[in-house]
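Student: Please take a close look at one part for me, the interior, and then work outward from there. I would like the cut-offs behind each term as you go.

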Amino acid sequence: MKMTFRWYGEGNDSITLKQIKQIPGCSGLMGVLDQYAAGEVWEEPVIAKYVEDVHKAGLLVEVIESVNVHEDIKLGLPSRDQYIENYKQTIRNLAKHGIKVIVYNFMPVLDWLRTDLARIIAEDGSNSLYYDEEELLGLTPLQIVENTSKNSNGFRLPGWEPERLKELERVLAMYQDINPDKLRENYRYFLERVIPVCEECDVKMAVHPDDPAWPIFGLPRIAHSKELFEKILELYDSPNHTICLCTGSLGSNPENDIPEIIRYFGSKNRVGCFHVRNVKYLGYRKFRESSHLSSDGSLDMYEIMKAIYETAPDTYIRPDHGRMIWDEVGRPGYGLYDRALGIAYLNGLWEALEKSNK
Ligand SMILES: [Mn+2]
């Protein structure tokens with residue numbers, strides 16, 4: 001298992017590579033280059049500079065996240081072919097610099113979604129990302145986008161890039177005719193073109209689940225349960241077509257049995273990497289993000305790590321969102337302290353699993 005940490009690049013993150021290097025048992029990054037809009041080619045010199053910075057700090061980067069899929073590909077518009085060509089070029093460019101896994105998603109228009117990016121947790125005064133479907137019902141998609149960018153402490157949030165969202169209403173309307181089957185067909189078209197390139201370059205595509213794990217604003221969403229992921233994997237049969245198994249996204253729906261889902265796809269060798277975090281259920285379609293510790297949230301993190309240990313031991317893991325603690329100010333969900341605590345804890349579980357299995 002390689003324990004990693006998400007990092008947005010020099011000048012674009014409140015956290016330094018030196019700080020990440022000092023987290024015990026953190027060997028590398030899941031990297032992000034969020035200067036690129038969906039559909040653009042990620043240029044080789046820019047990738048090379050990012051990778052070089054990371055290596056200089058004594059860290060590895062073999063996973064890159066948020067290589068976003070252009071909306072025209074999801075909508076199946078004629079212009080998709082050019083965007084797919086660009087995507088293929090980005091895969092080749094990343095592969096040349098040692099990238100082994102590319103994390104992306106196929107969510108229409110809106111990426112991950114919360115109704116509050118900094119909900120105060122009464123017990124200890126920390127804050128974390130929060131979702132309440134009832135609050136959402138009172139808002140339009142445009143209001144949600146505005147609230148989300150306003151409350152991000154000045155950081156661009158992945159999936160919420162302004163240029164991607166400025167035509168929000170027009171794009172939302174275009175999804176009126178797209179049902180889940182149609183979206184899957186458009187997804188198949190994309191995979192048929194992109195996965196052969198991954199096979200050539202020895203790169204795995206890893207699709208991230210819908211977050212939260214149900215449809216929102218009437219948009220088709222096709223990646224939020226074991227059955228739906230089974231359908232996704234059936235779209236193209238290749239070991240390079242995998243899941244980024246995010247325990248907190250899938251875990252937002254208590255009907256998803258996370259350890260069971262990990263075992264199922266892990267033993268088929270179809271998990272490219274893991275985001276591991278906990279979530280606390282507060283009611284129907286209402287939750288907040290908690291620390292990683294099992295007893296702080298609703299997921300059994302020991303069972304989750306055990307399922308990974310038993311079915312996908314050579315994988316990449318990173319702690320996912322953390323709370324904001326100790327008065328840290330940063331990109332919501334992506335502070336240093338709570339995620340570093342998450343790494344220490346997850347590594348502790350892993351050490352115990354290793355030793356008890358000797
Ligand atoms: Mn995730």
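Tutor: Let us begin with two definitions. A residue is buried if 20 or more other C-beta atoms lie within 10 Å of its own, exposed if 12 or fewer, and partly exposed in between, with C-beta atoms placed from the backbone. A nonpolar core is a set of buried Ala, Val, Leu, Ile, Met, Phe, Trp, Tyr and Cys residues joined through C-beta atoms within 7 Å. This is a predicted model, so local features need pLDDT of at least 70 and side-chain atom pairs count only at pLDDT 80 or more, while totals for chains, interfaces and linings use all residues. Residue numbers start from 1 along each chain, as its sequence is written.

With that in hand, the largest nonpolar core holds 94 residues, and those with the most contacts inside it are Ile102, Val103, Val194, Ala206, Val207 and Ile304. Helix α9 (residues 180-201) supplies the largest share of this core, seven residues. In soluble globular proteins, nonpolar side chains tend to be buried together. Helices (H or I, at least four residues) and strands (E, at least two) are DSSP runs, numbered from the N terminus.

Take Val103 as a way in. Leaving out residues up to four places away in sequence, Val103 touches Met30, Val63, Glu65, Ser66, Ala206, His208, Cys244 and Cys273; a contact needs C-beta atoms, placed from the backbone, within 7 Å. One of these partners, Ser66, has a positive phi of about 60 degrees although it is not a glycine. Ser66 sits in the loop between β3 and α3 (71-75), and it is buried, with 22 other C-beta atoms within 10 Å. Most residues other than glycine have a negative phi, and most peptide bonds are trans.

Strand β3 (residues 60-64) also carries Val61. Val61 is buried, since 23 other C-beta atoms lie within 10 Å. Its contacts, again not counting residues up to four places away in sequence, are Gly28, Leu29, Gly31, Val51 and Val54. Val61 and Lys100 are 39 residues apart in sequence, with their C-alpha atoms 8.8 Å apart in space.

Now for the strands. Two of them pair if DSSP finds at least two bridges between them. Eight strands close into a barrel in the order β1-β2-β3-β4-β7-β8-β9-β12, with parallel pairing. From one strand to the next, the twist averages 35 degrees. Within the barrel, strand β7 (residues 204-207) and strand β8 (residues 241-246) pair in the parallel sense over three bridges, and Met205 stands opposite His241 in β8. Helix α9 packs on the sheet here, touching β7 and β8, and its direction makes about 135 degrees with that of β7. For these angles, axes are lines fitted to C-alpha atoms, for helices over the stretch in contact, and angles run from 0 to 180 degrees between N-to-C directions.

The loops at either end of β7 deserve a look too. Asp202, in the loop between α9 and β7, has a positive phi of about 60 degrees although it is not a glycine. Asp202 is exposed, with 10 other C-beta atoms within 10 Å. In the loop between β7 and α10 (226-235) we find Pro212, and the peptide bond from Asp211 to Pro212 is cis, with omega near 0 degrees.

Back to the core for Ile304, which is part of a helix contact. Helix α12 (residues 258-267) and helix α13 (residues 301-311) pack at an angle of about 10 degrees, with their axes 9 Å apart. The two helices α12 and α13 are therefore roughly parallel to each other (angles under 35 degrees count as roughly parallel, over 145 as roughly antiparallel, 65 to 115 as roughly perpendicular and the rest as oblique). On α12 the contact is made by Ile258, Pro259, Ile262, Arg263, Gly266 and Ser267, and on α13 by Glu303, Ile304, Ala307, Ile308 and Thr311. These residues divide into six nonpolar, three polar and two charged, where Ala, Val, Leu, Ile, Met, Phe, Trp, Tyr, Cys and Pro count as nonpolar, Asp, Glu, Lys and Arg as charged, and the others, Gly among them, as polar.

Key. Contact = placed C-beta atoms within 7 Å.
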